[in-house]
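Good morning, everyone, and thank you for making the time. Please take a look at the model on the screen, and I will walk you through a few places in it, one after another.

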Amino acid sequence: MASEEKPLVVVTCTAPVNIAVIKYWGKRDEDLVLPINSSLSVTLHQDQLKTTTTAAISKDFTEDRIWLNGREEDVGQPRLQACLREIRRLARKRRSTGDEDPPPLSLSYKVHIASVNNFPTAAGLASSAAGHACLAYTLARVYGVDSDLSEAARRGSGSACRSLYGGFVEWQMGERADGKDSVARQVAPESHWPELRVLILVVSAERKPMGSTAGMQTSVETSPLLRFRAEAVVPGRMVEMTHCVRERDFQGFGRLTMKDSNQFHATCLDTFPPISYLSDISRRIIRLVHCFNAHHGQTKVAYTFDAGPNAVVFTLDDTVPEFVAAVRHCFPPESNGDKLLLFWEHGHGLTLAPGCFPLKLRPPFLATVARFSRTRARLRVCVCEVKYTPRVTHRVSSLEGRNRWPYAFHWVPEPVHVPRGDLPLPSRSAAPAPGSHCCSSCVESAVCTPSVGSSGRAARLSPGF
Ligand code: DP6
């Protein structure tokens with residue numbers, strides 16, 4: 001068998017961000033990462049936000065190693081180890097049941113992993129979900145595992161299990177003590193609601209002051225509201241939200257999304273000492289959304305905030321131009337350092353002429369936006385669709401004699417834009433110079449992280465998922 005083993009296998013995968021509309025906050029088991037309530041999320045298109053991970057296994061490696069955003073990190077982190085153990089367990093199980101096609105790679109081979117985000121890390125943009133989903137998915141591909149990866153992803157970061165599927169995804173909390181029934185399931189595929197759009201209003205790309213893991217642990221210990229929410233509120237909301245998604249009922253979907261975000265942040269304030277993830281700009285965005293909806297007499301846009309100040313706004317495609325114009329009006333580019341960034345479907349930029357904001361506004365709305373116009377904020381906007389599950393972007397086997405590891409660390413997989421259906425091979429020339437634009441759709445480097453250049457130097461990369 002040893003002679004059949006490949007000396008080196010390299011796989012690169014990408015995974016998307018998911019945004020929860022019914023929030024997960026609080027664990028009943030810290031080690032197994034089991035939640036106190038179910039949650040439901042929307043998986044975003046990978047064109048704007050994604051993690052790209054390359055994993056290689058080789059008989060020449062003497063230890064497991066990991067590089068996050070260009071910097072080597074401690075591979076002994078318990079969550080990383082738990083994910084790795086779970087994947088290797090699944091690979092062993094698959095072999096012992098004999099349902100394996102290609103010649104097996106030795107499970108004793110060590111793995112090297114390199115992972116990059118093309119958006120700010122740990123800034124409340126669900127980077128850990130995309131990061132750990134991508135890790136589990138890539139390791140599974142490299143070790144030849146094709147079973148359910150909920151547990152492997154969840155052990156890395158709870159919300160990560162939802163990024164394994166596209167479209168609308170629930171994470172069922174489960175009841176079993178061993179967590180075997182705490183799994184992610186698709187509620188509806190990505191094709192289900194093609195008109196749905198997701199705007200990400202990047203208020204701040206700074207790392208959040210209190211991470212989700214520590215924050216929810218303190219909430220579990222101190223917030224009576226959290227317990228009430230998990231037991232008495234979320235079960236009903238899961239049913240209601242699933243219904244709204246299935247019926248494509250934007251009114252219901254939007255209202256419930258906002259209410260659940262508000263209740264999540266209320267539990268953060270109910271935590272002792274209190275946790276406050278929202279900023280003044282976040283609160284102004286909330287006011288703008290309610291004002292916009294009141295002006296239209298219906299829920300046309302809906303916000304949600306994770307553990308950070310950045311807003312995620314859901315709307316339908318025909319409302320995007322008007323709402324973006326409202327954002328532009330309220331956070332004018334001149335006070336915004338001309339940094340209002342717009343991405344449009346498939347990366348085509350949306351340009352709005354100054355002053356194109358509709359004038360037929362009711363007086364209360366005008367009064368509110370008049371106050372908004374004094375708001376100084378460096379706000380960036382990214383418009384996404386709901387699409388794409390994790391995918392393999394390229395797979396290389398038996399590189400002996402051609403490329404030797406760690407070549408992959410000198411080539412960071414294409415930073416932003418993978419054309420549909422392409423399986424690009426490593427190309428050093430494809431990487432942009434540090435500080436330049438990653439792709440034609442990236443007018444300014446707002447959510448795209450410039451990657452390493454051909455020399456392998458890391459540029460503006462921050463550690464951690
Ligand atoms: C506010 O999945 O990051 O984004 O399981 O401790 O890694 P850990 O937490 P994480 O928590 C995400 C919380 C949230 C809401 C959500 O995505 O459901």
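Let me begin with Asn-69, which sits in the loop between strand S7, residues 65–68, and strand S8, residues 71–73. Although Asn-69 is not a glycine, its phi is positive, at about 50°. I should say at once that what we are looking at is a predicted model, so please keep that in mind throughout.

A second loop worth finding is the one between H6 and helix H7, the latter covering residues 280–296, because this is where Pro-273 has its place. The peptide bond that leads from Phe-272 to Pro-273 is cis, and its omega is near -5°.

Now let us turn to the sheet. Four strands, in the order S2-S5-S10-S11, make up an open sheet with antiparallel pairing. Which strands stand at the edges? They are strand S2, residues 18–22, and strand S11, residues 184–188, and since each has a single partner strand, one side of each is left without a neighbour in the sheet. If we ignore direction, neighbouring strands of this sheet are turned against each other by 35° on average.

Looking further into the sheet, we find strand S5, residues 39–43, and strand S10, residues 168–171, which run antiparallel and are joined by 4 bridges. Within this pair, Ser-41 has Val-169 of S10 standing opposite. Helix H6, residues 250–270, packs on the sheet, where it touches S2 and S5, and the direction of H6 makes about 90° with that of S2.

Finally, I would like to come to the ligand. There are 18 residues around the ligand, and those that come nearest are Tyr-24, Lys-27, Ser-157, Ser-159 and Thr-213. By kind, the residues of this shell divide into 7 nonpolar, 6 polar and 5 charged. Which helix gives the most to the shell? That is helix H4, residues 212–222, which contributes 3 residues.

Let us also go through some distances, each from an oxygen atom of the ligand to an N or O atom in a side chain. For Lys-27 the distance is 2.7 Å, for Ser-159 it is 2.6 Å, and for Thr-213 it is 2.7 Å. On its own the ligand has 460 Å² of accessible area, and the protein covers 94% of that.

Note on methods
Residues numbered from 1 in each chain as written. Predicted model: local features only at pLDDT ≥ 70, side-chain atom pairs only at ≥ 80, totals over all residues. Heavy atoms only, no water. Near = heavy atom within 4 Å. Polar contact = N/O pair within 3.5 Å; in protein donor to acceptor, adjacent residues only side chain to side chain. Areas by Shrake-Rupley, 256 points an atom, 1.4 Å probe, with all protein chains shown as cover. Helix = DSSP H or I, 4+ residues; strand = E, 2+ residues; numbered from the N terminus. Nonpolar A, V, L, I, M, F, W, Y, C, P; charged D, E, K, R; others polar. Pairing = 2+ DSSP bridges. Axes fitted to C-alpha atoms, helices over the stretch in contact; angles between N-to-C directions. Contact = heavy atoms within 4.5 Å.
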